[in-house]
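Work through the exercises below with the coordinates open. Each task is followed by a solution in steps.

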Amino acid sequence: MKKLIGICLGLTACAASAVEITKDWKIVVPKQASAVIQYGFDKAAKALQDDLAEGAGLKLEIVRTPPKGGSSICLGADLARAAGFTTDDLKWFDNVIAEKDGNLYFFGNDRARAGTKRSEWFRAQ
């Protein structure tokens with residue numbers, strides 16, 4: 001997981017206009033309708049937080065709403081759509097890492113990936 005996050009952040013830095021993550025950044029994980037999906041987002045945010053702390057010495061705060069001003073790493077399609085990105089053309093498990101207005105967006109096709117019942121988790125894959 002740490003290698004994957006490092007690769008993702010490295011590719012983002014190369015593809016995006018010079019983005020430098022600093023201690024003032026936040027990791028934004030919006031409240032999800034499904035507890036199953038919320039758990040996944042929270043776990044991903046914590047892993048990203050831990051990896052940035054270990055690899056870059058940055059302990060970023062995890063928040064539910066984007067801060068006014070400042071920069072953020074925004075997880076999930078809801079925040080990406082609010083910023084003007086679209087997920088209409090994404091197929092199952094397609095992912096996008098994008099930069100806009102000094103923020104990073106990690107998102108994919110969040111539609112119907114998992115239900116609220118454990119038996120639905122596997123059907124969504």
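The model is a predicted one.

**Exercise 1. Aromatic pairs**

Task: Determine how many aromatic pairs the structure holds, and classify the pair of F85 and Y105 from its centre distance and plane angle.

Solution.

Step 1. The count of aromatic pairs is 2.

Step 2. A pair of aromatic rings is described by the distance of the centres and the angle of the planes. For F85 and Y105 the ring centres are 5.3 Å apart and the planes stand at 55 degrees. Planes under 30 degrees apart count as stacked and those over 60 as edge-to-face, so F85 and Y105 make a tilted pair.

Step 3. Next, place the two rings in the chain. F85 is in the loop between α3 (77-82) and β4 (95-100), while Y105 is in strand β5, and the pair links distant parts of the chain, 20 residues apart.

Step 4. The burial of each ring residue follows from its relative accessibility. F85, at 21%, counts as partly exposed; the cut-off for buried is under 20%. Y105, at 8%, counts as buried.

Step 5. F85 also pairs with F107: the centres are 5.5 Å apart and the planes are at 40 degrees, so this pair is tilted as well. F107 is in strand β5, 22 residues from F85 along the chain. With 5% relative accessibility, F107 counts as buried.

Step 6. Put together, F85, Y105 and F107 form one aromatic cluster. A charge is also placed here: the charged end of K100 sits over the ring of F85, 5.8 Å from the ring centre.

**Exercise 2. Helix α2**

Task: Check the span of α2 against 1.5 Å a residue, then describe what lies at its ends.

Solution.

Step 1. α2 has 22 residues, and the expected span is 1.5 Å times one less than that number. This gives 32 Å, and the end C-alpha atoms are 31 Å apart, which agrees.

Step 2. At the N-terminal end, S34 caps α2, with a side-chain oxygen 3.2 Å from the backbone nitrogen of V36. S34 itself is in the loop between β1 (26-28) and α2. Its relative accessibility is 9%, so S34 counts as buried.

Step 3. After α2 comes G57, which has a positive phi, near 70 degrees.

Step 4. The buried residues of α2 are Q38, F41, A45, A47, L48, Q49, D51 and L52. An α-helix has 3.6 residues a turn, so residues three or four places apart point the same way.

Step 5. Take Q49, a residue of helix α2. Its relative accessibility of 8% makes Q49 count as buried. Leaving out residues up to four places away in sequence, Q49 touches I27, L58, K59, L60, E61 and I62.

**Exercise 3. The nonpolar cores**

Task: State which elements give two or more residues to the largest nonpolar core, and find where C74 belongs.

Solution.

Step 1. The largest nonpolar core has 15 residues. I21, W25, I27, L60, I73, L75 and L104 have the most contacts inside this core.

Step 2. The elements giving two or more residues to this core are α2 (35-56), β3 (72-75) and β5 (103-108). The largest share, 4 residues, comes from α2.

Step 3. For L75, ignore neighbours within four places in sequence; its contacts are then I27, V28, V29, P30, F41, A45, L48 and F106.

Step 4. C74 is part of a second, separate core of 10 residues, which also includes V28, A80 and L90.

Step 5. C74 lies in strand β3, and at 2% relative accessibility C74 counts as buried. Not counting residues up to four places away in sequence, C74 touches V28, L79, L104, Y105 and F106. The C-alpha atoms of C74 and R64 are separated by 9.7 Å, with their positions 10 residues apart along the chain.

**Exercise 4. A backbone angle**

Task: State the sign of phi at D101, and whether D101 is buried or exposed.

Solution.

Step 1. Most residues other than glycine have a negative phi.

Step 2. Phi of D101 is positive, near 55 degrees, and D101 is not a glycine.

Step 3. D101 lies in the loop between β4 and β5. Its relative accessibility is 67%, so D101 counts as exposed.

Definitions and conventions: Residues are numbered from 1 along each chain as its sequence is written. This is a predicted model: local features need pLDDT of at least 70, side-chain atom pairs count only at pLDDT 80 or more; totals for chains, interfaces and linings use all residues. Side-chain values use heavy atoms; hydrogens and water are left out. A nonpolar core is a set of buried Ala, Val, Leu, Ile, Met, Phe, Trp, Tyr and Cys residues joined through side-chain atoms within 4.5 Å. Buried means under 20% relative accessible area, exposed over 50%, partly exposed in between (1.4 Å probe, protein chains only). Contact means heavy atoms within 4.5 Å. Rings of Phe, Tyr and Trp (its six-membered ring) pair if their centres lie within 6.5 Å; planes under 30 degrees apart count as stacked, over 60 as edge-to-face and the rest as tilted. A charge sits over a ring if NZ of Lys or CZ of Arg is within 6 Å of the ring centre and within 35 degrees of the ring normal. A polar contact is a pair of N or O atoms within 3.5 Å; within protein, one must be able to donate a hydrogen and the other to accept it, and residues adjacent in sequence count only if both atoms are side-chain atoms.
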